[in-house]
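Subject: Structure handover and findings

Hello,

Here is the structure I said I would pass on. My notes on what was found in it follow below.

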Amino acid sequence: MDALTSRIQGEVPWCMLFADDIVLIDESRSGVNARLEVWRQTLESKGFKLSRTKTEYIECKFRDGSQVENEDVQLDTEVISKKVSFKYLGSIIQGNGEIDDDVSHRIGA
């Protein structure tokens, strides 16, 4: 996979590739859109296809302030659905930075 994606991989943690997941991180939605478009074009030119229905994003606010963007995150022309949390490898990652859902999930397990 590295041979196919070496041109589009960024420095960690700005672009991470897992078994079947890609994590793109940027300070703005327009930056994520630009990175996502490069990934889409590169992978589709090699015969791969990014799922428009399974692709999701989460927004995390690491700084105080009300930076509001009116731009949607898009894959090609399709708007990507925004999630409040992700479940990945047994952990729950929340966009608000809290760990309540993860703790509850682990206690319930």
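Please keep in mind that this is a predicted model. The notes start with the whole chain, then go to the end of the sheet and the last helix, and finish with the charged pairs.

Overall make-up

The protein contains 3 helices and 8 strands. Read from the N terminus, the order of the elements is α-β-β-α-β-β-β-β-β-β-α. There are 109 residues, and 21% of them are buried. The accessible surface amounts to about 8,100 Å², with 51% of that belonging to carbon and sulfur atoms. Among contacts with a separation of 6 or more, 49% are between residues 24 or more positions apart.

Strands 7 and 8

Strand 7 covers residues 85–88 and pairs with strand 8 in the antiparallel sense, over 4 bridges. The hairpin formed by these strands has 2 residues between them, and L89 in that hairpin takes a positive phi near 50 degrees. One of the bridge pairings puts S85 opposite Q94 of strand 8.

Strand 8 itself runs over residues 91–94 and has two faces: I92 and Q94 are on the covered one, S91 and I93 on the uncovered one. As background, side chains in a regular strand alternate between the two faces of the sheet.

Q94

Q94 sits in strand 8 and deserves a separate paragraph. Its relative accessibility is 10%, so Q94 counts as buried. What does the side chain of Q94 reach at 2.9 Å? It is the backbone nitrogen of D101. A polar atom of the Q94 side chain also lies 3.4 Å from the backbone nitrogen of D100. Apart from neighbours within four places in sequence, the contacts of Q94 are I58, C60, V84, S85, I99, D100, D101 and D102. That list includes S85, the bridge partner of Q94 named above.

Helix 3 and the nonpolar patch

Helix 3 spans residues 100–108 and includes I107; V103 is found in helix 3 as well. Together with I99, these two residues form a nonpolar patch on the surface, and the three have about 310 Å² of accessible area together. Are I107 and V103 buried or exposed? I107 has a relative accessibility of 69% and therefore counts as exposed. V103 is at 38%, so V103 counts as partly exposed. There is also a spatial link back to strand 8: the C-alpha atoms of V103 and S91 are separated by 8.9 Å, with their positions 12 residues apart along the chain.

Salt bridges

How many salt bridges does the structure hold? The number is 9. In general, side chains of opposite charge can pair when their charged atoms come close.

The side chains of E37 and R40 form one of these salt bridges, at 2.6 Å from N to O. Both residues belong to helix 2 (residues 29–45) and are 3 residues apart, about one turn of the helix. E37 counts as partly exposed because its relative accessibility is 24%. R40 is at 11% and so counts as buried.

R52 takes part in two of the salt bridges described here. With E44, the N to O distance is 2.9 Å. E44 has a relative accessible area of 26% and is therefore partly exposed. R52 counts as buried because its relative accessibility is 18%, and the cut-off for buried is under 20%.

The other partner of R52 is D76, at 3.7 Å from N to O. This pair links distant parts of the chain, 24 residues apart: R52 is in the loop between helix 2 and strand 3 (56–58), and D76 is in the loop between strand 4 (74–75) and strand 5 (78–79). D76 has a relative accessibility of 38% and so counts as partly exposed. Through salt bridges that share partners, E37, R40, E44, R52 and D76 are joined into one network.

Regards

Notes: Residues are numbered from 1 along each chain as its sequence is written. This is a predicted model: local features need pLDDT of at least 70, side-chain atom pairs count only at pLDDT 80 or more; totals for chains, interfaces and linings use all residues. Side-chain values use heavy atoms; hydrogens and water are left out. Patches are made of residues with over 30% relative accessible area and no salt bridge: like charges are joined within 9 Å, nonpolar side chains (Val, Leu, Ile, Met, Phe, Trp, Tyr) within 5 Å. Accessible areas come from the Shrake-Rupley method with a 1.4 Å probe; for residues, only the protein chains shown count as cover. A salt bridge is a side-chain nitrogen of Lys or Arg within 4 Å of a carboxyl oxygen of Asp or Glu. Buried means under 20% relative accessible area, exposed over 50%, partly exposed in between (1.4 Å probe, protein chains only). Two strands pair if DSSP finds at least two bridges between them. A polar contact is a pair of N or O atoms within 3.5 Å; within protein, one must be able to donate a hydrogen and the other to accept it, and residues adjacent in sequence count only if both atoms are side-chain atoms. Contact means heavy atoms within 4.5 Å.
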